There are 2 protein chains.
Amino acid sequence: MAGHRETVAPRRMAHLDRAEALRLLGSVSLGRIVFTQQALPAIRPVNHLMDGEDIIVRLHDGATLASVVAPADTRGVVVAYEADVIDARTHLGWSVVVTGYARRVTDAAELARFSNRLRPWADAPLGDAALRIRPDLVTGLRLTE
Amino acid sequence: MAGHRETVAPRRMAHLDRAEALRLLGSVSLGRIVFTQQALPAIRPVNHLMDGEDIIVRLHDGATLASVVAPADTRGVVVAYEADVIDARTHLGWSVVVTGYARRVTDAAELARFSNRLRPWADAPLGDAALRIRPDLVTGLRLTE
């Protein structure tokens, strides 16, 4: 743990506004989707892209996806989505958390458009395994020296 | 998105056994705690250390902690804890997810021991804001070329 104990300058934590938080989210392509699976909290790393303010994620695990949201569930289920860039040594960086309804992407044209841009974290056919998350609550923090 | 579309070699996904997953978790000091807050999925980046197989995390947000687990709740609440090291460009790397009961660390000697080794993600007094997560379910994936 020695590497984590060096003295650091005082740090400043800033809350990010919605626009800046979503901009940062769009600057990376990996995040983590948070959901409830059999009444337990669950989390998976996934690949994402932005479609306007919506977050499109691709799940590499069909069984997980099915537990998140059924295709026929047009309202969707509430999930959280997190992405961050935090330095492993200094712990400076940012974290953004979006909470909102996730629904399956079922439109064939949309799926085709996203599949060209979304690489799954693990190899898998895209199929219909894409979700659209509409950001309802957006929070973000940035930690600087 | 051009940077995310380069052709990559076929990738291999390996499931990690419990010992390897916990070893990898102990090789980093940042992760994300996943919990339920007012019936919604929630996630926060936090700092952690290993105490045997247990994960000790420090929350920088007292209100969040209170919603995770009350001091008097000796059984604790089920949370998930995730850490990963995934290359932003190639997406190769590993992810570990632990699910288990989280309880407050209330013993003064333990708190003193952990506070010397745990730096919060943001500046905050440790106080009693530490949780011990006993890993019940441990899963891990490693993605290699």
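**Figure 1. Helices and strands of chain A.** In this predicted model, chain A is built from three helices and seven strands. Follow the chain along its sequence and the elements come up as β-α-β-β-β-α-β-β-α-β. Of the 145 residues in chain A, 51% are buried. The outside of chain A adds up to about 6500 Å² of exposed area, and 53% of that comes from carbon and sulfur atoms. As for how the chain meets itself, take the contacts in chain A between residues at least 6 apart in sequence: 70% of these join residues at least 24 apart.

**Figure 2. The hairpin of β2(A) and β3(A).** Here β2(A) and β3(A) sit side by side in an antiparallel pairing with eight bridges. Look across the pair and you'll find Val34(A) opposite Ile43(A), which belongs to β3(A). The two strands make a hairpin, and two residues lie between them. One residue to pick out in the turn is Gln38(A), with a positive phi of about 50°.

**Figure 3. On to the next hairpin, β3(A) and β4(A).** Strand β3(A) also pairs with strand β4 (residues 54–58) of chain A, again antiparallel, this time over five bridges. Across this pairing, Asn47(A) faces Arg58(A) in β4(A). These strands form a hairpin too, with two residues between them. In its turn, Gly52(A) has a positive phi of about 65°.

**Figure 4. A closer look at strand β3 of chain A.** This strand covers residues 40–51. Why does β3 of chain A count as largely enclosed by the rest of the structure? Because nine of its twelve residues are buried.

**Figure 5. A salt bridge within chain A.** Side chains of opposite charge can pair when their charged atoms come close. In this view, Arg32(A) and Glu82(A) do so through a salt bridge, at 2.9 Å from N to O. The two partners are 50 residues apart and link distant parts of the chain: Arg32(A) is in strand β2 (residues 30–37), while Glu82(A) is in strand β5 (residues 77–86). Are these two residues buried or exposed? Both Arg32(A) and Glu82(A) are buried.

**Figure 6. Arg32(A) and a partner from chain B.** Arg32(A) also meets the side chain of Glu82(B) in a salt bridge, with 3.5 Å from N to O. This pair crosses between chains, running from strand β5 (residues 77–86) of chain B to strand β2 of chain A. Glu82(B) counts as buried because its relative accessibility is 0%. Arg32(A) has a relative accessible area of 7%, so this residue is buried as well, given that the cut-off is under 20%.

**Figure 7. Asp84(A) and Arg32(B), another crossing.** A salt bridge joins Asp84(A) to Arg32(B), and their closest N and O atoms are 2.8 Å apart. Asp84(A) comes from strand β5 of chain A, and Arg32(B) from strand β2 (residues 30–37) of chain B, so to speak a handshake between chains. Both residues are buried.

**Figure 8. The whole salt-bridge network.** Which residues do shared partners join into one network? They are Arg32(A), Glu82(A), Asp84(A), Arg32(B), Glu82(B) and Asp84(B). Counted over all chains, the structure holds 24 salt bridges.

Key:
Residues numbered from 1 in each chain as written. Chains lettered and ligands numbered in written order. Predicted model: local features only at pLDDT ≥ 70, side-chain atom pairs only at ≥ 80, totals over all residues. Heavy atoms only, no water. Salt bridge = Lys/Arg side-chain N within 4 Å of Asp/Glu carboxyl O. Helix = DSSP H or I, 4+ residues; strand = E, 2+ residues; numbered from the N terminus. Buried < 20%, exposed > 50% of the residue type's maximum accessible area, 1.4 Å probe, protein only. Contact = heavy atoms within 4.5 Å. Areas by Shrake-Rupley, 256 points an atom, 1.4 Å probe, with all protein chains shown as cover. Pairing = 2+ DSSP bridges.
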